Amino acid sequence: MSINREDGRPGRQGGAAFLLAQLGAHAAKLFAERIAGLDLTPAQAGLLRLLARTPGRSQRELADDLGMPPSRFVPFADELEERGLIERRKNPSDRRLYALHLTEQGESLLAELHKAGAAHEQQVCQALSPEEHQQLSALLRRMAEQHGLSPGVHPGYRSIRPDRPHARSEQ
């Protein structure tokens, strides 16, 4: 942390924790704006990416990984299923459970999401050289690990409410 005061406290620019929060909020806003054109919220994008990495998992497992109560996850997944992006299939090892999978339409949208994510990464990190970008990413991964954060899972999933409107405007 850059200390620029004689008393050892961060100066007027704020310390590393403040700057991370400031940039994180800004980056999250930019990402939400970017993927709104894909008719997705950041949480929906996260679930699509998680299903691409680990298809066939139960709703309960996915809710646990995302830190969401199952009662919130079900309507969240319902909306993506209604849009034809994911599908529920009977779990072959436990017929009481459903396994979630991306549909072909979901995979196509995921490819567009990957492009949007790469453009977002470029935009947010454009002030850094490739070496600085790599170094920053490594440092942030180490910090996230130290705090017990799940790789690739945004902590904001815990606050998703089922009654929250989705990205599509239906007026």
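Which residues are exposed on the other side of helix H4, away from its buried ones? Keep that in mind as you click through this predicted model.

**Stop one: helix H4.** Select residues 70-82, the 13 residues of H4. Put a distance between the C-alpha atoms at the two ends and you should get 18 Å. That agrees with expectation, because 1.5 Å a residue also gives a span of 18 Å.

**Stop two: the buried side.** Now show side chains for Phe73, Phe76, Ala77, Glu79 and Leu80, the buried residues of H4. They cover an arc of only 150 degrees around the axis, so they sit on the same side of H4. Glu79 is on that buried list along with the two Phe residues, Phe73 and Phe76.

**Stop three: the cover.** To see what lies over those buried residues, color helix H2 (42-53) and helix H3 (59-66), then add strand E2 (86-91) and strand E3 (94-102); the cover includes these four elements.

**Stop four: the other side.** Back to the opening question: pick Ser71 and Glu82, which are exposed on the other side of H4.

**Stop five: just past the helix.** Move on to Gly84, just after H4, and check its backbone: phi is positive there, at about 80 degrees.

**Stop six: a nonpolar patch.** Switch to a surface view and select Leu20, Leu128, Leu136, Leu140 and Met143. Together they form a nonpolar patch with about 350 Å² of accessible area. Helix H6 (residues 130-146) gives the most to this patch, three residues. End on Leu140, which lies in H6. Is Leu140 buried or partly exposed? Partly exposed, because its relative accessible area is 33%, and buried would mean under 20%.

Technical notes: Residues numbered from 1 in each chain as written. Predicted model: local features only at pLDDT ≥ 70, side-chain atom pairs only at ≥ 80, totals over all residues. Heavy atoms only, no water. Expected span 1.5 Å × (residues − 1). Buried < 20%, exposed > 50% of the residue type's maximum accessible area, 1.4 Å probe, protein only. Arc of directions from axis to C-beta. Contact = heavy atoms within 4.5 Å. Patch = residues over 30% accessible without salt bridge, like charges linked within 9 Å, V, L, I, M, F, W, Y side chains within 5 Å. Areas by Shrake-Rupley, 256 points an atom, 1.4 Å probe, with all protein chains shown as cover. Salt bridge = Lys/Arg side-chain N within 4 Å of Asp/Glu carboxyl O.
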